[in-house]
Amino acid sequence: MPVLFLGHGSPMNAIGDNAYRRSWQALGAEFGSKYPTPQLILCVSAHWLTRGGWYLTGMAKPKTIHDFGGFPQELFDQQFPAPGAPAAATEIAQAIRQPMSGTALGIDLEEWGFDHGTWSVLKPMFPKAQIPVVQLSMDYSRPPAEHAMLGQQLKALRERGVLIVGSGNLVHNLRVTRRGTAPNQAYEWAHEFDRLVAGQLEKGDLAALPRFQSMGALAQQAHPTHEHYLPLLYAAGAVDAGKEAPRFLNADFQSASISMRSVVWG
């Protein structure tokens, strides 16, 4: 299976007829033609943060979570009724180990479900919602290098028909958004961070990605909090570095401070 990192941006992208949603629809249409149909989708969303360990959703019927406010009722009415995969989640939880402790991943049976980082991109891609989906949480108390280490363990799942999807944003600073800006308009620091990370991806220098904080003030501007960057580390970790070239989609910006750049490997 290929590996995806999808810039999800505003939840409104899930229902708006815009270039982002249309690109997700087109990408979804590649499965069953260019790519095999996934047996399972494992999604790492910027919006499920845990502490003290990593977890997988293990319920049979995960709920659709509307983890936002101030949007039209139409968005709150959205449902993504894809099935969970309890048996697969249990098997993966035993096969994938927490980076430092070496213990199995936790299984969440009731708290989480599909947050908008997952369903806002998967619903346009797979509108029939027939493919089982599990979410993997991110232990936000752990350093970026450990997130990349866990991502590397996901690589073996690709051979078993599992589609790995990271959902976040290469640049994500909600404090300075400017509504109504054109897709090619963004702050200079946003362009610069996006360009630097895209360069690392193009060169296949995936080992450099966890060291993004070494960019200092530039990284702090691009990510005042870095939960939207971390899903990139899981996706890139599952890539065969040096052998799989990235294909970029949506390489522009939303609201001047959110990079929508998405990446397909494989």
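In this predicted model, the buried residues of helix α1 are covered by elements that include β1 (3–7), α4 (116–125), β11 (246–249), β12 (253–254) and β14 (262–265). The briefing below takes up α1 and the loop residue N250, then helix α3, and then the two pockets that rank as largest and second largest.

**Helix α1 and its start**

- Helix α1 spans residues 19–29, and its buried residues are Y20, S23, W24, L27 and G28.
- Seen down the axis of α1, these buried residues fall within an arc of 140°, so they line one face of the helix.
- At the start of α1, a side-chain oxygen of N18 comes to within 3.1 Å of the backbone nitrogen of Y20, and Y20 is itself listed among the buried residues of the helix.

**N250, a loop residue in contact with α1**

- N250 sits in the loop between β11 and β12, two of the strands that help to cover the buried residues of α1.
- Because buried means under 20% relative accessible area, N250 counts as buried at its relative accessibility of 13%.
- The side chain of N250 is joined to that of S23 by a polar contact of 2.8 Å, and S23 is one of the buried residues of α1.
- Leaving aside neighbours within four places in sequence, N250 is in contact with A19, Y20, S23 and W24, as well as with M260, R261 and S262.

**Helix α3**

- Helix α3 covers residues 86–95, and A89, I92 and A93 are its buried residues.
- Viewed down the axis of α3, the buried residues lie within an arc of 105°, so they line one face of this helix.
- The buried residues of α3 pack against four strands, namely β2 (40–45), β4 (55–57), β6 (106–108) and β8 (133–135).

**The largest pocket**

- The largest pocket holds about 420 Å³ of space, and its lining is made up of 20 residues, of which S10, P11, F71, L174 and I258 lie nearest its centre.
- By class, this lining comprises six nonpolar, 13 polar and one charged residues.

**The second largest pocket**

- About 170 Å³ of space lies in the second largest pocket, whose lining residues include A148, Q152, K155, L206, P210, L233 and V239.
- The elements giving two or more residues to that lining are α5 (144–153) and α8 (230–237), and α8 gives the most, with three residues.
- The lining of the second largest pocket divides into nine nonpolar, two polar and one charged residues.

Key:
Residues are numbered from 1 along each chain as its sequence is written. This is a predicted model: local features need pLDDT of at least 70, side-chain atom pairs count only at pLDDT 80 or more; totals for chains, interfaces and linings use all residues. Side-chain values use heavy atoms; hydrogens and water are left out. Buried means under 20% relative accessible area, exposed over 50%, partly exposed in between (1.4 Å probe, protein chains only). The arc is that of the directions from the helix axis to the C-beta atoms. Contact means heavy atoms within 4.5 Å. On a 1 Å grid over the protein atoms alone, a cavity is a set of points where a 1.4 Å probe fits but cannot get out, and a pocket is an open set with protein on both sides within 12 Å along at least five of seven lines; lining residues have an atom within 4 Å of a point. Grid points are joined across faces, edges and corners, and a volume is the space filled by probe spheres set on the points. Ala, Val, Leu, Ile, Met, Phe, Trp, Tyr, Cys and Pro count as nonpolar, Asp, Glu, Lys and Arg as charged, and the others, Gly among them, as polar. A polar contact is a pair of N or O atoms within 3.5 Å; within protein, one must be able to donate a hydrogen and the other to accept it, and residues adjacent in sequence count only if both atoms are side-chain atoms.
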